[in-house]
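Visitor: I am new to this structure. Please take me through a single part of it, up close.

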Amino acid sequence: DYEEGTWTPTLENYGGSPTIENSFYTKIGRQVVFSCKILLDGTSDGSNFRILGLPFTSLTGTGAGVFGAFRSFSNGDIGFSLIGANQTQINNYNSSGNNQTYNGAGNDKEFRFVGIYFTA
């Protein structure tokens, strides 16, 4: 099974108007590789920084584990990003392991996400 295409990420509860582009995925068998670029527009927002709308639901069940995404940006608390079992969202955390907020991530910042996860 091989498929490639685009996906439409959205930001959960973000009060601004972000710019989201370069949202691509490739699925080979059960493995999904995805990417996107997000620019926060400077809106002050204390909500948790979550990206919704992954192209496929992640694997579920015992031993499904946690799947990761890499994000890069400058001048901020980088932390890490995770995709939990049976999810279509990316959860972002600061370097202390707490939920990353949009304000904590930084206004007017560009984020680039690349991730790998498995689907059922």
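Which strand pairs with β8 in the antiparallel sense over 3 bridges, and which residues does that strand span?

Guide: Strand β5, residues 50-52, pairs with β8 in that way. Keep in mind that this is a predicted model. First, the setting. The chain has 1 helix and 9 strands. Their order along the sequence is β-β-β-β-β-β-β-β-α-β. Of the 120 residues, 38% are buried.

Now to β8 itself. This strand covers residues 89-93, and 5 of its 5 residues are buried, so the rest of the structure largely encloses it. Side chains in a regular strand alternate between the two faces of the sheet. In β8, both faces are covered. Q89, N91 and Y93 are buried on one side. I90 and N92 are buried on the other.

Next, the partners. In the pairing with β5, R50 has N91 of β8 as its bridge partner. Strand β7, residues 80-83, also runs antiparallel to β8, joined to it by 3 bridges. There, L82 has N91 as its bridge partner. So much for the pairing; now the turn. β7 and β8 form a hairpin, with 5 residues between them. N86 sits in that turn and has a positive phi of about 60°.

For contrast, look at strand β9, residues 110-118. β9 gives 3 residues to a nonpolar surface patch, the most of any contributor. The patch consists of V33, V114, I116 and F118, with about 290 Å² of accessible area together. F118 lies in β9. F118 counts as partly exposed because its relative accessibility is 31%.

How values were computed. Residues are numbered from 1 along each chain as its sequence is written. This is a predicted model: local features need pLDDT of at least 70, side-chain atom pairs count only at pLDDT 80 or more; totals for chains, interfaces and linings use all residues. Side-chain values use heavy atoms; hydrogens and water are left out. Helices (H or I, at least four residues) and strands (E, at least two) are DSSP runs, numbered from the N terminus. Buried means under 20% relative accessible area, exposed over 50%, partly exposed in between (1.4 Å probe, protein chains only). Patches are made of residues with over 30% relative accessible area and no salt bridge: like charges are joined within 9 Å, nonpolar side chains (Val, Leu, Ile, Met, Phe, Trp, Tyr) within 5 Å. Accessible areas come from the Shrake-Rupley method with a 1.4 Å probe; for residues, only the protein chains shown count as cover. A salt bridge is a side-chain nitrogen of Lys or Arg within 4 Å of a carboxyl oxygen of Asp or Glu. Two strands pair if DSSP finds at least two bridges between them.
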